[in-house]
Amino acid sequence: MPKIKLPTKSPHIDMTPMVDLFSVVLTFLMLTTTMRQQEPAPVDTPYSISEKPTPDFNTMTLLLSTDDRVFLNLDNGPDTLLKFRPKVLAEMGKRYNIEFTDGELREFEKYPASMGVPILKMKEFLAAKDAKEKSVFQTGIPIDSADNQLALWILFTRQVNPNVQACIKGDSKTGFPIVKKVLDILQDKNVNRFNLITSLEAAKINLEEIQK
Amino acid sequence: MAEIIQEEKEGGKKKAKKHAPHIDMTPMVDLMCLLITFFMLTTAFSKAKVMEIVLPEKIKDKNVDPPKISASRTLNIILGPDGKIFWYPGTVKAEDYNNLPPLQETDFSATGIRQMLLERNRALFKKIADFNDQVITGKISGLSQDSVQGAIRQLKKDDDTGPIVLVKAYKKANYGNFVDILDEMNICGIARYTFVDIAWYEEKMVETASGIASTVQAPTK
């Protein structure tokens, strides 16, 4: 049987179109990307048919994890000069007689994810270097009636930014009592309109079936 | 590419020939692959959606009675444990706690709660569906998305046959059930629904229906 003679020269594959394509995809991804925020607790949002997108600004998002911890996330407002986050923290500090330095306020302004730190631990939390160290302090915002820090956070957030909208982001498996508690706290502070954050799911109803 | 090089040879452009036209692009491709993978994994493609809900204001003044609603149109839905749903029509008085009506049990499937709601809300649902049909087929045209929503809201407002749904949650329910039931309200086009606190006798009804040992007592006066 004759041997098939393999070409000895290494074949040159022209990679230019591939590089072109990659560049296009890369540019597209770089321009459209909104970084997925690393939440301190993993949350699987439930599904709904609602198609309203999450507002970009003026939100305070309450994150309810499955282990009944409550986290809060604020945004800095439509203009970064507004600096809502440090203002709220400063108000909280005043209430608890804690003086936050400029550096700490700046750190809080930049911190991208939800935070669930009791205010007395806030200084240590802001001083912690990386996410792993920070996560130790994320024990959830206290919500019991003796020391209801969540209510104060909500109060000061609304004072600093009156246009803020309450968003609730919960895991489908979060127990109802904690949800109820948080809703009660919000209602005590006269927040009656909520945005529940969900993922989109299509629902179809067969009309003929109903008309039968 | 190969042909172009061939042509160049024939054209006799010597400058182009001197430099080897083959640049090894492999490292560049590698890098790009990495970057693309990174961006693909970190990008949140679909933005999360929100579902709006407005809860009735809390009545802090004890002298003000909560608004009255007609009992014949009232439908109580109670979220039970393990994704079960219980419902009963009308009202139950706290005084009748020894003789509570049985609860109907259903679930989140299309033949469960959805069918039950649609049966009761058929008139309004048909109106909304007809309106949507007319918008899609172009019989009504020139409406913006907002005015379509507004028209549907008006239809819901004018409706006086559909049920008034009171959603309540037993303590073992979870947040997913809560969102699901509100979602069902939107799917079925229920005009009037709200979320209210569960009463102690309703907790008792749920416990009887699902065979859990009773944890609630009638409040002593």
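What follows is a walk through a predicted model, going from the outline of chain A to its sheet, its core and a few residues worth a look.

Let's begin with the overall layout of chain A. Its secondary structure adds up to eight helices and six strands. If you trace the chain along the sequence, those elements come in the order α-β-β-β-β-α-α-α-α-α-β-α-β-α. The radius of gyration is 24 Å, well over the 17 Å that the globule rule gives for 212 residues, so chain A is more spread out than a compact globule. You can get a feel for that from the C-alpha trace, which spans about 90 × 65 × 35 Å along its principal axes. Of the 212 residues in chain A, 29% are buried. As for how the chain folds back on itself, take the contacts with a separation of 6 or more: 69% of these link residues 24 or more positions apart.

Now to the strands, with E6 of chain A as our guide. This strand covers residues 193-200, and strand E1 of chain A (residues 47-48) runs parallel to it, joined by two bridges. Within that pairing, A:Ser48 has A:Leu200 as its bridge partner. Strand E5 of chain A, residues 165-170, also runs parallel to E6(A), this time with three bridges. There, A:Ile168 is partnered with A:Leu196. How does the chain get from E5(A) to E6(A), and with what handedness? The path goes through helix H7 of chain A (residues 176-188), and the β-α-β crossover is right-handed.

Stay with E6(A) a little longer, and you'll cross into the other chain. Six bridges connect E6(A) with strand E1 of chain B (residues 49-54), and these two strands run antiparallel. One spot to find on screen is A:Asn195, which sits opposite B:Glu52 in E1(B).

Next, the nonpolar interior. Which residues touch the most other members of the largest nonpolar core? They are A:Leu62, A:Leu64 and B:Phe178, in a core of 71 residues. A:Leu64 is a good one to zoom in on. Setting aside neighbours within four places in sequence, its contacts include A:Ile168, A:Gly170, A:Ile178 and A:Val182, along with B:Tyr175 from the other chain. You've already met A:Ile168 as the bridge partner of A:Leu196.

Helix H2 of chain A is another useful landmark. It takes in residues 84-95, and its 12 residues reach 17 Å from first C-alpha to last, close to the 16 Å expected at 1.5 Å a residue. Its buried residues are A:Phe84, A:Arg85, A:Pro86, A:Lys87, A:Val88, A:Leu89 and A:Met92. Among the elements that cover them are strand E4 (70-74), helix H3 (102-110) and helix H6 (149-160) of chain A. Just after H2(A) comes A:Asn97, with a positive phi of about 55 degrees.

That backbone angle deserves a short detour. Most residues other than glycine have a negative phi. A:Asn190, though, has a positive phi near 65 degrees. You'll find A:Asn190 in the loop between H7 and E6 of chain A. Is A:Asn190 buried or exposed? With 12 other C-beta atoms within 10 Å, A:Asn190 is exposed. Chain B offers another case: B:Asp82 has a positive phi near 55 degrees. B:Asp82 lies in the loop between strand E2 (74-79) and strand E3 (85-89) of chain B. With 10 other C-beta atoms within 10 Å, B:Asp82 is exposed.

Two more residues of chain B round off the tour. B:Val29 sits in helix H3 of chain B, residues 26-42. It has 14 C-beta neighbours inside 10 Å, so B:Val29 counts as partly exposed. What does B:Val29 contact, leaving aside neighbours within four places in sequence? Its partners are A:Met15, A:Met18, A:Val19 and A:Phe22. Within chain B, B:Val29 and B:Leu117 are 88 residues apart in sequence and 57 Å apart in space, C-alpha to C-alpha.

Compare that with B:Glu207, in helix H8 (residues 200-210) of chain B. B:Glu207 is 127 residues from B:Gly80 in sequence, yet their C-alpha atoms are 8.9 Å apart. This glutamate is partly exposed, with 18 other C-beta atoms within 10 Å. Not counting residues up to four places away in sequence, B:Glu207 touches B:Ile212, B:Ser214 and B:Thr215.

Note on methods:
Residues are numbered from 1 along each chain as its sequence is written. Chains are lettered from A and ligands numbered from 1 in the order in which they are written. This is a predicted model: local features need pLDDT of at least 70, side-chain atom pairs count only at pLDDT 80 or more; totals for chains, interfaces and linings use all residues. Helices (H or I, at least four residues) and strands (E, at least two) are DSSP runs, numbered from the N terminus. The radius of gyration is taken over C-alpha atoms; the globule rule is 2.2 Å times the number of residues to the power 0.38. A residue is buried if 20 or more other C-beta atoms lie within 10 Å of its own, exposed if 12 or fewer, and partly exposed in between; C-beta atoms are placed from the backbone. Two residues are in contact if their C-beta atoms, placed from the backbone, lie within 7 Å. A nonpolar core is a set of buried Ala, Val, Leu, Ile, Met, Phe, Trp, Tyr and Cys residues joined through C-beta atoms within 7 Å. Two strands pair if DSSP finds at least two bridges between them. A crossover is right-handed if, with the strands pointing away from the viewer, the path from the first strand over the helix to the second runs clockwise. The expected span of a helix is 1.5 Å times one less than its number of residues.
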